[in-house]
There are 2 protein chains.
Amino acid sequence: MVDGVRTPVAQRTVEQIKAMISDGEVGPGQRLPTERELSTRLGVSRGSVREAIRSLTTLGVLEARHGAGVYVTALRPADLLEAFSVLAEVSRDETLLEVLQVRRMIEPAATAIAAARAAPEDLERIGALLDRMEDGAAPREPAEHGAADLGFHQAIVACAGNATLSAVHAGLSSRTFNERVWAGHDEAGFTAALHEDHRRIHEALLARDPEAARAAAAAHVLRVERWLGAQTRPGPDPAERERPR
Amino acid sequence: MVDGVRTPVAQRTVEQIKAMISDGEVGPGQRLPTERELSTRLGVSRGSVREAIRSLTTLGVLEARHGAGVYVTALRPADLLEAFSVLAEVSRDETLLEVLQVRRMIEPAATAIAAARAAPEDLERIGALLDRMEDGAAPREPAEHGAADLGFHQAIVACAGNATLSAVHAGLSSRTFNERVWAGHDEAGFTAALHEDHRRIHEALLARDPEAARAAAAAHVLRVERWLGAQTRPGPDPAERERPR
DNA sequence: CATGCAAAAGTGGTCGGACCACTTGGCCTG
DNA sequence: CAGGCCAAGTGGTCCGACCACTTTTGCATG
């Protein structure tokens, strides 16, 4: 008879562990039974238990500590951010345009809230990031520049006080993409324009002006969006796409 | 001396496989080398390779077919949506408020775009969903009602033509949460208010009026947000949440 | 008695091999 | 030629052993 659907053991084990969590048998921060104990208790091999744990670890639900046991995370959205960040990592150009469009929806709103809520020390730290990115020891390295840019925006979003928002935004912000943007600063004045955008955003934050902050953030994302669109569309030479190594 | 951090083998294997993808050695839809071959080629045990594959499978990057090989997915954002949906599955109430705040950022914008881009047949289908949710055979079941509500909003977001946006929105929309909302319709006229919100959104779409659509969607999310806030706040007992130890 | 450090117990991490379940494709039979 | 069967290849599961790390224990030392 039917029913015949044989559920893979590892996947079923994932469900059972998730059930243990949602049933409250183990709560956030608490420790899971031993791999070996789960193995006998669920009647599956230890390897399958490990694969199940690996799966939930990847999702940010569990955390394994070598020597100590396996623990349930706090289950905060930030814990599940890691999984989402893979998106921007393997995305193609068309996808990046979509990603930027979403960022253009959330980042202005987040910046507006930040303008109203940010603590003075937050504003100071953001200003410091800005100085470091713009001033003196401005590194030629696009990598470092991109990382600083990323930190700047994430710090602002963090001021909105919404961890879920921060997690989503982080997933939509790719370090590698930022590096690409800052690497393509041959364009006339593009880097300078980005810096001015940043300054304008910072000033709006200092002025506690949500609407100005919203507008500045929207203009900034839109600038990057249009730049990427210009980069992608005319792309006449897919030949150079390989790396010389 | 330093550097001393030894990277776990399985995790390093994950990186190597991801590198194979981003280097173009295997593209979307293509087949990965055998587990056994990867095992010898990367110099790690097959079990570790399996754990790495399991990890990437969980993220929606790979797909394993029993008997046939392991394949790279299309890498579309929708493929990586599954992982994100776990968030709404294990979230607490405070997190749900954060989630709604994010939805209030993206859903009005998405609805506005939909008003400008939606095809006539899309609008018709959305209208049909609306009728089914509101009219006659209105099921007492909160589950079915919540599912219809979910479908309504997702259909609208889909009209924006941004797959990444749809994936993010889906991750932020919990079926179980919607059921809770529709289950709590004892409140005076709350259900009716939600229906009127939906009608107003639909009318704005039909009128091809992006700003009206944006306002209607924002008002709708805000209504749910305030309802949840009222539900949650009076909650007086954080005592039950502690761990005994 | 207090202290510190070494040994031991416990746990996750890795490895290797074996076998099972499933898919695929080619061979054989009719 | 058509159809079904069989064998090779692949992922799925299991077992047992050992390694690396953490935590606890308990002994020796001051």
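These legends walk through close-up views of a predicted model with protein chains and DNA.

**View 1. Chain A as a whole, built from eleven helices and two strands.** Start here to get your bearings. Following the sequence of chain A, you meet the pattern α-α-α-β-β-α-α-α-α-α-α-α-α. Chain A has 245 residues, and 49% of them count as buried. Among its contacts with a separation of 6 or more, 71% are between residues 24 or more positions apart. The accessible surface of chain A is about 12300 Å², with carbon and sulfur atoms contributing 51% of that area.

**View 2. The protein surface around DNA strand C.** Here 24 residues surround the strand, and those that come nearest are A:R6, A:R46, A:R50, B:V9 and B:S48. Of the atoms of DNA strand C that come within 4 Å of the protein, 69% belong to sugar and phosphate. Both chains take part: α2 (35–42) and α3 (46–58) of chain A, along with α1 and α3 (46–58) of chain B, each supply at least two residues of this surface.

**View 3. Side chains that meet phosphate and base atoms of DNA strand C.** Take a look at B:S48, where an N or O atom of the side chain is 2.9 Å from a phosphate oxygen of the strand. On chain A, the side chain of A:T34 places an N or O atom 3.5 Å from a phosphate oxygen of DNA strand C. The side chain of A:R36 instead has an N or O atom 3.1 Å from a base nitrogen of DNA strand C.

**View 4. Helix α1 of chain B and its buried face.** This helix covers residues 9–22, and its 14 residues should span 20 Å at 1.5 Å a residue, which agrees with the 20 Å between its end C-alpha atoms. Buried along α1(B) are B:A10, B:T13, B:V14, B:I17, B:K18, B:M20 and B:I21. Seen down the axis of α1(B), these buried residues fall within an arc of 150 degrees, so they line one face of the helix. Just past the end of α1(B), have a look at B:G24, which adopts a positive phi of about 85 degrees.

**View 5. B:D197 and its neighbours in chain B.** The residue at the centre of this view, B:D197, belongs to helix α10 (residues 190–206) of chain B. With a relative accessible area of 4%, B:D197 is buried, because the cut-off is under 20%. Leaving aside residues up to four places away in sequence, B:D197 touches B:A219, B:H220 and B:R223. With B:H220, there is also a polar contact of 3.1 Å between the side chains of the two residues.

Methods: Residues numbered from 1 in each chain as written. Chains lettered and ligands numbered in written order. Predicted model: local features only at pLDDT ≥ 70, side-chain atom pairs only at ≥ 80, totals over all residues. Heavy atoms only, no water. Helix = DSSP H or I, 4+ residues; strand = E, 2+ residues; numbered from the N terminus. Expected span 1.5 Å × (residues − 1). Buried < 20%, exposed > 50% of the residue type's maximum accessible area, 1.4 Å probe, protein only. Arc of directions from axis to C-beta. Contact = heavy atoms within 4.5 Å. Areas by Shrake-Rupley, 256 points an atom, 1.4 Å probe, with all protein chains shown as cover. Near = heavy atom within 4 Å. Polar contact = N/O pair within 3.5 Å; in protein donor to acceptor, adjacent residues only side chain to side chain.
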